[in-house]
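Here are some worked exercises for you to try. Load the model, have a go at each task, and then compare notes with the solution.

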Amino acid sequence: RKEQALGKVDPGQEQVMEDQVMFTLDMVHTALLTLGPELIHFEVLVQQVHVGLLHAMCQAVVSHASVSIINAFSQILLCIYSFIGTISVCQLEVVLERVMLKMADGKGVLTVEQQEAALEGILDLCRQPGFVHDVFVNCDCRLERGNLFEDMCALISKTAYPLAKGSTGPQHFICQEALLAILQAIAAENKPDAFAPPSPDLELPCFTDVWTPLVNGELLHLREIMGVA
């Protein structure tokens with residue numbers, strides 16, 4: 001107890017504790033997958049997930065922030081949103097603001113791999129249909145809530161580009177994918193078929209190069225161009 005109070009924990013004991021946390025998270029993940037979409041019909045279980053489970057998981061991932069535990073934590077968050085939906089956004093906001101975004105920013109973690117695991121968790125959520133829209137509407141657009149969408153975009157944008165030349169790492173590519181996922185989600189909300197291939201009647205019948213003659217100082221023959229088009 002004295003060693004724990006001083007922050008000195010035996011490595012073997014620490015590994016045992018991490019294994020216990022990992023086993024518990026795996027069991028929780030399996031239980032959520034088993035319930036699936038039916039979870040939302042059990043109000044008591046939903047309340048337990050929102051209050052007891054998320055609180056315990058946040059304590060566990062902060063105390064034992066290994067890559068495997070962060071990945072398991074992220075998968076459970078993804079299950080909670082997938083199966084419970086919009087009503088879980090406010091609870092997820094607290095978890096993301098106080099835990100996930102901090103780890104994704106390199107705070108509270110010891111290695112770059114742990115930061116990458118947190119960023120991958122955010123990427124998975126951004127790819128989930130409806131998540132970006134729900135976060136913006138239920139958090140940023142409400143006076144009593146935080147600006148979770150803005151904070152996610154700011155963190156992802158800051159981390160997407162390396163500070164030094166030649167120092168590109170996996171965390172930069174993860175953030176770039178997250179930016180693309182957010183842009184796709186926004187475009188999908190504005191236009192359902194934004195990323196669908198164009199219809200054949202909208203394809204150009206030909207291509208006319210007008211820039212090369214202009215660069216070379218040549219005259220453009222508009223009648224010929226209009227005749228080709």
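## Exercise 1: Ile174 and its surroundings

**Task.** Place Ile174 in its helix, then decide whether it is buried or exposed and list what it touches.

**Solution.**
- Step 1. Ile174 sits in helix α9; helices (H or I, at least four residues) and strands (E, at least two) are DSSP runs, numbered from the N terminus.
- Step 2. Before going on, note that this is a predicted model in which local features need pLDDT of at least 70 and side-chain atom pairs count only at pLDDT 80 or more, while totals for chains, interfaces and linings use all residues. Residues are numbered from 1 along each chain as its sequence is written, and side-chain values use heavy atoms, with hydrogens and water left out.
- Step 3. Ile174 has a relative accessibility of 9%, so it counts as buried (buried is under 20% relative accessible area, exposed over 50%, partly exposed in between, with a 1.4 Å probe and protein chains only).
- Step 4. Skipping residues up to four places away in sequence, Ile174 touches Glu116, Leu119, Glu120 and Leu123 (contact means heavy atoms within 4.5 Å).
- Step 5. For Glu116, the C-alpha to C-alpha distance to Ile174 is 7.7 Å, although the two are 58 residues apart in sequence.

## Exercise 2: Thr159

**Task.** Work out which residues Thr159 touches, and how far its C-alpha atom is from that of Cys175.

**Solution.**
- Step 1. Look in helix α8 for Thr159.
- Step 2. Its relative accessibility is 10%, so Thr159 is classed as buried.
- Step 3. With residues up to four places away in sequence set aside, Thr159 touches Gln115, Leu119, Gln171, His172 and Cys175.
- Step 4. Thr159 and Cys175 are 16 residues apart along the chain, and their C-alpha atoms are separated by 6.4 Å.

## Exercise 3: two polar side chains

**Task.** Are Ser74 and Gln114 buried or exposed, and what do they touch?

**Solution.**
- Step 1. Ser74 belongs to helix α4, and Gln114 to helix α6.
- Step 2. Ser74 is at 5% relative accessibility, so it counts as buried. Gln114, at 12%, counts as buried too.
- Step 3. Ignoring residues up to four places away in sequence, Ser74 touches Met100, Ala117 and Gly121.
- Step 4. Leaving out neighbours within four places in sequence, Gln114 is in contact with Ala65, Ser66, Val67, Ile70 and Val109.

## Exercise 4: the α5/α7 pair

**Task.** Describe how α5 and α7 are arranged, and sort the residues where they meet.

**Solution.**
- Step 1. Two packed helices are described by the angle between their axes and the distance between the axes.
- Step 2. The axes of α5 (residues 89-104) and α7 (residues 131-140) come within 10 Å and cross at roughly 90 degrees. Axes are lines fitted to C-alpha atoms, for helices over the stretch in contact, and angles run from 0 to 180 degrees between N-to-C directions.
- Step 3. The pair is therefore roughly perpendicular (angles under 35 degrees count as roughly parallel, over 145 as roughly antiparallel, 65 to 115 as roughly perpendicular and the rest as oblique).
- Step 4. On the α5 side you'll find Val89, Glu93 and Leu96, meeting Phe131, Asp134, Val135, Asn138 and Cys139 of α7.
- Step 5. Those contact residues split into five nonpolar, one polar and two charged (Ala, Val, Leu, Ile, Met, Phe, Trp, Tyr, Cys and Pro count as nonpolar, Asp, Glu, Lys and Arg as charged, and the others, Gly among them, as polar).

## Exercise 5: the core

**Task.** How many residues are in the largest nonpolar core, and which element gives the largest share?

**Solution.**
- Step 1. A nonpolar core is a set of buried Ala, Val, Leu, Ile, Met, Phe, Trp, Tyr and Cys residues joined through side-chain atoms within 4.5 Å.
- Step 2. The largest one has 60 residues, and those with the most contacts inside it are Met57, Phe73, Leu77, Ile80, Met103 and Ile122.
- Step 3. The largest share of this core, 12 residues, comes from α4.
- Step 4. Take Met57: neighbours within four places in sequence aside, Met57 is in contact with Leu25, Phe73, Ile76 and Leu77.
- Step 5. For the chain as a whole, 35% of the 229 residues are buried, and there are 11 helices and zero strands.
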